[in-house]
Structures are given as C-alpha cells and as structure tokens.
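Dear colleague,

I am handing over the structure below, and I would ask you to keep it open while you read. My notes on what was found in it follow directly after.

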Amino acid sequence: MTAVHLWLRHEPRPTERRTPVVPADARRLIEHGITLTVEDSPQRIFPTGEYEAVGAQVAPAGSWVAAPDDAVILGLKELPDDPDELTHRHIFFGHAYKQQPDAEALLTRFAAGGGALLDLEYLVDDTGRRLAAFGYWAGYLGAALAVLHHRGRLAAELTPTDEKALGELLSPDSGDRDISALVIGALGRSGRGARDALAAAGISPTTWDLAETQDLDRDALLAHDLLVNCVLATSPVPPFVRPQDLDAPGRRLRTVSDVTCDVGSPLNVLPVYDRTTEWADPVRRLRDEPPFDLIAIDNLPSLLPLESSTDFSASLLPQLLDFRTDSGPWGRCLARFASASRELGIKQG
Ligand SMILES: NC(=O)c1ccc[n+]([C@@H]2O[C@H](COP(=O)([O-])OP(=O)(O)OC[C@H]3O[C@@H](n4cnc5c(N)ncnc54)[C@H](O)[C@@H]3O)[C@@H](O)[C@H]2O)c1
C-alpha cells in the first residue's frame with residue numbers, strides 16, 4: 001500500500017460538531033499504518049485528546065492549508081473561503097455537482113491549485129449505492145422537529161442533543177392521534193429515520209417513494225398535516241409542492257420539513273422557498289392563513305453529533321483503510337469530480 005496521510009480538519013461552521021472519523025476508528029487507521037493528523041477543534045464532539053491518545057498527530061485548527069502536498073484533507077462540510085487555490089485532495093461534502101450556487105467557485109479553486117475534490121456524496125460502490133451517509137439521523141431529526149413544531153413545542157434556538165433526550169421529547173402525545181404525516185423518499189436512509197422518529201412519536205405516516213410519486217397526487221399530498229421530504233433526486237421531476245399550492249383552498253398541509261434541502265438546484269422538488277432555515281430560527285412561516293411553516297436545515301445530523309458521527313465513521317472506515325484513487329470507490333469520486341468540472345467548462349489539472 002502507498003503511504004497514506006489523512007488530515008482531519010476542523011470544521012469552520014460553528015454549529016458543526018460532527019466528525020467523519022471518531023477516535024476508536026482513528027485507532028484502527030493508525031494501527032493499519034495510516035498517518036493521521038487531527039486538527040484541534042473546540043467544537044468537535046470528541047476532544048482532541050482522545051485522538052492524541054490513540055496515536056494521532058495534533059495540529060492547530062485550519063493548518064491544513066500548509067499540510068504536506070500528499071496529505072488528504074478530510075472534513076465534512078464547506079471549506080473556509082480562503083485560500084483561493086486548493087492544492088490538496090479533499091474529502092468532504094462539496095455540494096458542487098448539482099448546479100448549486102457556489103459550485104463553480106469551489107471547482108474553480110481546485111482548478112487553480114491543482115487539488116481535487118473527493119465528494120463523500122459520490123463515494124459509491126460499483127452498483128452506485130452510497131457507502132457512507134448521514135441520512136438516517138437527518139431523517140430522524142427532520143421528522144422529530146416537524147412533530148415538535150406541530151405540537152407547538154419546538155424551542156429555538158436548537159442545540160445538539162442525544163438520542164435519549166430527543167426520544168423523551170418525542171414520546172407520544174394524546175393530541176397526536178389525528179396528525180396525518182407523509183414521508184416522501186420513505187424507502188431510503190433518511191426516510192427510514194423519519195419513519196422511526198414518527199413511530200417514536202406515536203404517528204403512523206403515509207409513506208411514498210418512487211412508485212407513488214410517478215403520477216403525483218398533489219391533492220392527497222396537501223391533505224396531510226406534516227410532510228417530511230427525504231428524496232434523493234437524481235433527475236428533475238415535477239415539483240411536489242408549488243408556490244400556488246400554498247394558496248390552494250382547503251390545504252391541510254401546515255408543516256414541511258425538507259430534509260433533502262436541494263434549494264437553489266434545478267432538482268429541487270419543493271421550489272417554494274429560497275434559503276434554508278437555521279438552528280437559531282428553525283421554522284419559517286411562508287403563509288399565515290392557514291399557516292404553512294417550513295423547516296429546512298441542511299445540517300440536521302449535527303444535532304445528534306455523537307450518534308451520527310459514530311454511524312458515519314463506521315461506514316467510512318473500510319473505505320479509508322483501503323484508500324486509493326486509481327480504482328474503486330475513490331477512483332469513481334475522482335472521475336465524478338473531473339466530469340462535473342468538465343460540465344461547467346472548468347479544466348482540472
Ligand atoms: N438536511 C440534512 O442535514 C441532510 C443530511 C443528510 C442527507 N440529506 C439529504 O437527504 C436526501 C436523502 O438522503 P438519503 O441518504 O436518505 O438517500 P437515499 O438514497 O437513501 O434515499 C432516497 C430515497 O428517495 C427516493 N426517491 C428518489 N426520487 C424520488 C421521487 N421522485 N419520488 C419519491 N421518492 C424518490 C429513492 O427511491 C430513495 O428511496 C439527500 O438529498 C441527502 O443529500 C440531508
């Protein structure tokens with residue numbers, strides 16, 4: 001095996017407490033002969049000392065910019081805006097291949113520096129199945145927040161919690177018997193999480209996936225109180241809810257939790273809003289009478305940082321132990337980076 005140096009970076013987003021590698025899995029990487037540098041990070045759910053204790057080298061937050069050329073920089077969410085030139089190979093969720101607003105700028109930074117994006121969303125096996133994803137906890141939280149809001153018990157600002165505390169908040173309420181909920185994308189990872197959260201709240205949702213939306217019954221959709229959207233859109237489909245549906249007479253739908261958060265993308269199935277909501281202000285009212293409230297938080301699993309990091313790290317570990325970009329899943333990531341850049345007319349080195 002060629003020597004591999006992984007560099008776990010600090011996440012610049014202040015609310016991001018998750019990590020793609022937990023200390024127990026860091027130990028496995030180091031035992032396997034991988035060099036692991038871990039940036040100190042005040043907010044990461046696992047203290048830096050736990051990584052140091054298993055043999056990781058520690059570096060200051062943000063020092064990846066000066067990491068050795070061969071280091072592979074590992075993170076989850078967006079990079080800071082500087083530097084303009086990205087010289088390393090970076091593993092993270094780039095959100096840059098679906099015509100998102102910042103896609104071109106990010107891919108241009110890679111072209112300028114000669115680095116590469118190995119996007120975790122496109123780390124797939126040879127059948128196209130995602131190998132590491134946060135979907136389950138995203139769906140769980142998306143549905144949980146929708147229920148709590150519907151019950152009038154969602155306290156802002158949201159703060160990270162754990163599964164037990166959330167489960168207690170969710171426990172069935174006598175007023176819930178009449179709540180009708182719909183989960184779309186119900187057969188996927190986040191759909192499963194959403195169904196589990198609704199079950200924990202004592203609600204049996206309607207569940208739709210590809211088969212049920214092929215010939216979309218929008219009236220049936222609008223006849224639910226809650227909608228949790230968990231689809232992974234790969235090609236454009238007619239929108240599930242359009243702006244005019246918010247004004248449809250007799251609309252029952254009050255609360256939408258958009259786990260997918262494809263806002264700004266042509267693949268967006270809920271083109272009724274133009275920006276995500278935040279932990280400080282998780283619900284946005286789009287209509288007053290009757291109310292139509294939106295929850296669209298794009299870092300839901302960060303609200304359960306311990307559980308979601310542990311799950312994710314367990315799925316990522318085998319891929320990191322076998323890190324190579326000439327073939328296999330990482331090779332496919334590299335090829336996807338090249339083709340996505342080409343589609344935007346950006347030439348990578
Ligand atoms: N908000 C967040 O914090 C957060 C976190 C993780 C993932 N996500 C997003 O959640 C989405 C779902 O992720 P996942 O891991 O559950 O994906 P997944 O592939 O496991 O599941 C997606 C499901 O959507 C279904 N689907 C696709 N198109 C559909 C359509 N037109 N109608 C009905 N069903 C359709 C698929 O059949 C599949 O069952 C992704 O867009 C992902 O990026 C958001």
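The buried residues of α6 pack against α4, α5 (163–170), β7 (181–184), β8 (206–208) and β9 (226–229). Three terms in that sentence need their cut-offs: a residue is buried if 20 or more other C-beta atoms lie within 10 Å of its own, exposed if 12 or fewer, and partly exposed in between, with C-beta atoms placed from the backbone. Packing here rests on contact, in which the C-beta atoms of two residues, placed from the backbone, lie within 7 Å. Helices (H or I, at least four residues) and strands (E, at least two) are DSSP runs that are numbered from the N terminus.

Please bear in mind that this is a predicted model, in which local features need pLDDT of at least 70 and side-chain atom pairs count only at pLDDT 80 or more, while totals for chains, interfaces and linings use all residues. Residues are numbered from 1 along each chain as its sequence is written.

To stay with α6 for a moment, its buried residues are Ser190, Gly191, Gly193, Ala194, Arg195, Ala197, Leu198 and Ala200. The twelve residues of α6 should span 16 Å at 1.5 Å a residue (the expected span being 1.5 Å times one less than the number of residues), and the 17 Å between its end C-alpha atoms agrees with this. After α6 comes Gly202, whose phi is positive, near 80°.

Within helix α6 sits Gly193, which is buried because 27 other C-beta atoms lie within 10 Å. Leaving out residues up to four places away in sequence, Gly193 touches Gly135, Tyr136, Trp137, Ala138, Gly139 and Tyr140. The C-alpha atoms of Gly193 and Tyr136 are separated by 4.5 Å, although the two residues are 57 residues apart along the chain.

The ligand is surrounded by 28 residues, of which the closest are Gly135, Ala138, Gly185, Gly188 and Ser190; a residue counts as near a molecule if its C-beta atom, placed from the backbone, lies within 6 Å of it. At least two residues of this shell are supplied by each of α4 (135–150), α6 (189–200) and α7 (210–213), and the largest share, three residues, comes from α6. By type, the shell divides into 17 nonpolar, eight polar and three charged residues, where Ala, Val, Leu, Ile, Met, Phe, Trp, Tyr, Cys and Pro count as nonpolar, Asp, Glu, Lys and Arg as charged, and the others, Gly among them, as polar.

On the wider arrangement, the domain assignment of the protein chain gives domain 1 (5–122 + 304–343) and domain 2 (135–303), with bounds that come from an automatic or database domain assignment. The contact between them takes 15 residues from domain 1 and 17 residues from domain 2, and the side of domain 1 that touches domain 2 divides into four nonpolar, four polar and seven charged residues.

The largest nonpolar core (a set of buried Ala, Val, Leu, Ile, Met, Phe, Trp, Tyr and Cys residues joined through C-beta atoms within 7 Å) has 93 residues, and Leu141, Ala143, Ala144, Val147, Ala197 and Val228 touch the most other members. Its largest share, eleven residues, comes from α4. Both domain 1 and domain 2 give residues to this core, so it lies between them. Neighbours within four places in sequence aside, Val147 is in contact with Leu170, Leu198, Ala201 and Ile203.

With kind regards
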